[in-house]
Amino acid sequence: MFGPRRARQAAATLAAGAAVAATALLASPTASAAPQPIVGGTTTTTAAYPFIMQITDASGRQFCGGTLVSATKVVTAAHCMAGGSAGNVRVVGGRTYLNGTDGTVGRVSKIWVDPEYTEATSGHDVAVLTLSTPMPYKPVSYVSSSQTGVYAAGTTARILGWGTTSEYGSPSHQLRTATVPVLSDSSCRTSYGSDFVQSDMVCAGYSSGGVDTCQGDSGGPLLIGGVLAGITSWGEGCAEAGSPGVYTRLTTFSDLVTAQVGS
Ligand code: 4AZ
């Protein structure tokens, strides 16, 4: 799970997380126990991006990111919720550092996973969590289904997370961010062939690699023009030339998300 792979089913799931964390330490004895996120970015804070949420298990171990889109609703990736149940997920807002104790820990009362999500294709990689109590942070808006032009090739997008800072690296203690250009669907097709499902996915990154999301960033936001437009989903390894990050194409799912946000 840790290698240069189709990192779709991020090791970062509720079901697999603890075992994988242990494996990581064995494979990399010098690695810090605390993981880092985003390859090629810079550190930032939850004060700068108050809508970015850590998704953790009940013991507080972060395994995915999420985005606050209303006081009680968090958008994340379906694959992050595999094997999970509302009782063993937490959403942590306002906590820049993985080892922090500040911010707000929210319990989850409901997990909606797109019923068409399948692990086999990573299509429909979207989920919405309902929090038991409101988060005291400003949500961010998300794209509407009519905004299909937001993914124009070359548009600058922002990625955020606590994921590893290199393909085989350890996680970041501190929230990180980077910007990457949106890629054309044809170039994404060139990279991934039929694994790239144009209706469900959008690619972002540099052809030379170097800047990307990585393990542990899954579920977190891809922002375009300050609006949530994608969800970190998968990729072949991290930051490799010719293997861009793949994000859920949120315009395809925004009406479904809106139905959940209003439920
Ligand atoms: C992951 O395992 C993961 N480079 C997320 C994003 C990418 C690869 C892996 C894209 O969570």
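**Buried aromatic, polar and charged side chains in the predicted model**

At 16% relative accessibility, tyrosine 49 counts as buried in this structure, which is a predicted model. Phenylalanine 51 is likewise buried, with a relative accessible area of 10%. Two aromatic pairs are found in the structure; in one of them, tyrosine 49 and phenylalanine 51 meet edge-to-face, with 6.1 Å from centre to centre and 80° between the planes. Threonine 46 is placed in the loop that runs between strand E1 (42-43) and strand E2 (52-57), and with a relative accessible area of 8% this threonine is also buried. Leaving aside residues up to four places away in sequence, threonine 46 touches Ile52, Gly94, Arg95, Thr96, Trp162 and Leu175.

The chain as a whole contains three helices and 13 strands, and of its 263 residues 56% are buried. When contacts between residues at least 6 apart in sequence are considered, 72% of them join residues at least 24 apart. The exposed area of the chain is about 9700 Å², of which carbon and sulfur atoms supply 56%.

The largest nonpolar core comprises 52 residues, and Tyr151 and Leu250 are those with the most contacts inside it. Beyond the residues up to four places away in sequence, tyrosine 151 is in contact with Val143, Val182, Val202, Ile224, Ala229, Arg249, Leu250 and Thr251. Another core, of eight residues, lies apart from the largest one and includes Tyr192, Phe196, Cys203 and Val246.

Tyr192 also belongs to the buried residues of helix H2 (residues 185-192), which are Asp185, Cys188 and Tyr192. Viewed down the axis of H2, these buried residues fall within an arc of 60°, so they line one face of the helix. An α-helix has 3.6 residues a turn, so residues three or four places apart point the same way. Ser186 and Thr190, by contrast, are exposed on the other side of H2. The buried residues of H2 pack against three strands, namely E10 (201-204), E12 (227-234) and E13 (245-249), and the helix is followed by glycine 193, whose phi is positive, near 60°.

Side chains of opposite charge can pair when their charged atoms come close, and three salt bridges are counted in the model. In one of them, the side chains of aspartate 185 and arginine 249 meet at 3.0 Å, N to O. Aspartate 185 lies in helix H2 and arginine 249 in strand E13, so this pair ties together parts that are 64 residues apart in sequence. Arginine 249 counts as buried, at 12% relative accessibility, and, as noted for the core, is among the residues touched by tyrosine 151.

Another salt bridge joins arginine 95 to aspartate 102, the closest N and O atoms being 3.9 Å apart. Arginine 95, which is among the contacts of threonine 46, is buried with a relative accessible area of 12%, whereas aspartate 102 is partly exposed, with a relative accessible area of 42%. Arginine 61 forms a salt bridge with aspartate 57, for which the closest N and O atoms are 3.3 Å apart. Here the arginine is partly exposed, with a relative accessible area of 23%, while aspartate 57 counts as buried at 13% relative accessibility.

Terms used:
Residues numbered from 1 in each chain as written. Predicted model: local features only at pLDDT ≥ 70, side-chain atom pairs only at ≥ 80, totals over all residues. Heavy atoms only, no water. Buried < 20%, exposed > 50% of the residue type's maximum accessible area, 1.4 Å probe, protein only. Helix = DSSP H or I, 4+ residues; strand = E, 2+ residues; numbered from the N terminus. Arc of directions from axis to C-beta. Contact = heavy atoms within 4.5 Å. Areas by Shrake-Rupley, 256 points an atom, 1.4 Å probe, with all protein chains shown as cover. Core = buried A, V, L, I, M, F, W, Y, C linked by side-chain atoms within 4.5 Å. Phe/Tyr/Trp six-rings, centres within 6.5 Å; stacked < 30°, edge-to-face > 60°. Salt bridge = Lys/Arg side-chain N within 4 Å of Asp/Glu carboxyl O.
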